[in-house]
Amino acid sequence: MRAGTFVYPWDVVGDPAAPGLLAGLGVETVTLASAYHSTRALTPRHPAHRIVTAEHAAVLYPPDPDRWSGHTLRPYPAGDWAPGDSYGEAARALADAGLEVHSWVVLAHNSRLGGEHPATSVVNAYGDRYPWAPCIARPAVRAHLVELAAEAAVRPGAAGTELESCGWYGLAHLHAHDKTAGVPLGDREQYLMSLCFCPSCREGYATEGADPDELAAAVRGALAPVWSGSGPARPLGRFEDAVLSWRTRTARSLQEDAVRAVRAAAPPGFRVLLHADPDPARCGANAGVDPAHVLGLADGVVTPAGSVAPFAAHARAGTVLAANLPVVTGMGGFPRTLADDAKRAAEAGAGELRLYHAGLASDADLTAVREALRTLS
């Protein structure tokens, strides 16, 4: 079973031992971040640092000034956490170690963009903006994300790409000193809190026959029992289908445009995968999709191991179904059960593994990964 792992450029640049360590795990591919959101990351083996703070969403290579000339929205270069062409330097070192490199592109997740351009953000039914969540219905946002997908995906030496957050983002977001857990929110409540009411989405709901003011009131009413502690969120009734139709149509068109732009910029044989969830209403890194549609569009998906089966039902010859398995114990992963988990994913239809995340994992976790992959081979 072909296996790959996620890595940041700062896990590799400045650490001559990193490429060999990764190759020695038994993986064939590395999914290397080329455009990524803000984060604070542990680097447990790097000879020069232990913590990397990426202060804002950025591209980890020099963006092309000609491509972005005249654009109000443009990618932010990284600071000292990934200077210059950190992606390119890491990619060359990994290729020299015999690893196939794919780019890892995060799209609709960018707090700095929302902070500097508030009109780009998702706005919930209460009027609160989510600066980390660019609204994919906004024409300027869509144009920016499609352009970013093409540039960040097709980097020199990349054999393919994985597009993360290629769809709706919403409430869920690990923020600085996050204090949003006072009232537990399940999937339904997260969905309702993620519905956008920016001008573009209000127009969109209207095209589906839903008055946006009435819909916003219905969302607030549906959530009222949650805030009072009297019960879960109520259904939206007659608005339910209109909302899902608008959001599904919008996400589909973004995915179509992004994949088309990547293919136009890429050499023959370049593989395009989407990080995806089979529930079209899902928000976040794994964009909610219709499995049949997305597998007719991209070369395949990267999806949580428990979500493989709905995609397998629509897979064709050559379709890539990669099961994403967390292997960092401190982040809730299970490296010691990796072999069994991988076998279950294969039974569900997965042909590849993605291991999250070799750069963050402890030595003990990597030892468990190495032993599991040796067993699987």
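A residue is called buried when its relative accessible area is under 20%, and exposed when that area is over 50%. By this criterion, buried residues account for 53% of the 377 residues in the chain. The structure discussed here is a predicted model, and every value below is computed from it.

The overall form of the chain may be considered before its parts. A compact globule of 377 residues would have a radius of gyration near 21 Å, and the chain agrees with this expectation because its own value is 20 Å. Along the principal axes, the C-alpha trace spans about 60 × 50 × 45 Å. The accessible surface comes to about 15500 Å², and carbon and sulfur atoms contribute 54% of that area. The secondary structure consists of 14 helices and 14 strands. Of the contacts between residues at least 6 apart in sequence, 71% join residues at least 24 apart.

The strands β12, β13, β14 and β1 offer a route into the structure. Strand β12, residues 300-304, runs parallel to β13 and is joined to it by five bridges. Within this pairing, Val-302 has Ala-322 of β13 as its bridge partner. Strand β13 itself covers residues 320-326, and six of its seven residues are buried. On to the next strand, five bridges join β13 to β14, and these two strands also run parallel. Two positions illustrate the register of this pairing: Asn-324 stands opposite Arg-354 in β14, and Pro-326 has Tyr-356 of β14 as its bridge partner.

Strand β14, residues 352-356, is likewise mostly covered, with four of its five residues buried. Besides its bridges to β13, β14 is joined by four bridges to β1, residues 2-7, again in parallel. Here Ala-3 is paired with Leu-353 of β14. The connection from β13 to β14 passes through helix α13, residues 338-348, and the three elements make a right-handed β-α-β unit. In a regular strand the side chains alternate between the two faces of the sheet.

Helix α4, residues 86-96, shows how a helix is placed against other elements. Its buried residues are Ser-86, Tyr-87, Gly-88, Ala-90, Ala-91 and Leu-94. An α-helix has 3.6 residues a turn, so residues three or four places apart point the same way. The buried residues of α4 pack against two helices, α1 (9-12) and α2 (18-24), and two strands, β2 (29-36) and β6 (100-106). Just after α4, Gly-98 takes a positive phi of about 90 degrees.

Loops, too, contain buried positions. Asn-124 lies in the loop between β7 (121-123) and β8 (129-134). With a relative accessible area of 2%, this asparagine counts as buried because that value is under 20%. What does the side chain of Asn-124 join through a polar contact? The partner is the side chain of Tyr-130, at 3.0 Å. When neighbours within four places in sequence are left aside, Asn-124 is in contact with Tyr-130, Met-193, Leu-195 and Phe-197.

The loop between α8 (199-207) and α9 (212-228) holds Gly-209, and Ala-210 is found in the loop between these helices as well. Are these two residues buried or exposed? Gly-209 is exposed, since its relative accessible area of 65% is over 50%. Ala-210, by contrast, is buried at 3% relative accessibility. Phe-239 provides a point of reference for both positions. Gly-209 is 30 residues from Phe-239 in sequence, with 8.7 Å between their C-alpha atoms. For Ala-210 and Phe-239, 29 residues apart along the chain, the C-alpha separation is 6.4 Å. Apart from neighbours within four places in sequence, Ala-210 is in contact with Tyr-205, Phe-239 and Ala-242.

Methods
Residues numbered from 1 in each chain as written. Predicted model: local features only at pLDDT ≥ 70, side-chain atom pairs only at ≥ 80, totals over all residues. Heavy atoms only, no water. Buried < 20%, exposed > 50% of the residue type's maximum accessible area, 1.4 Å probe, protein only. Pairing = 2+ DSSP bridges. Right-handed = clockwise from strand over helix to strand, strands pointing away. Rg over C-alpha atoms; globule rule 2.2 N^0.38 Å. Contact = heavy atoms within 4.5 Å. Areas by Shrake-Rupley, 256 points an atom, 1.4 Å probe, with all protein chains shown as cover. Polar contact = N/O pair within 3.5 Å; in protein donor to acceptor, adjacent residues only side chain to side chain.
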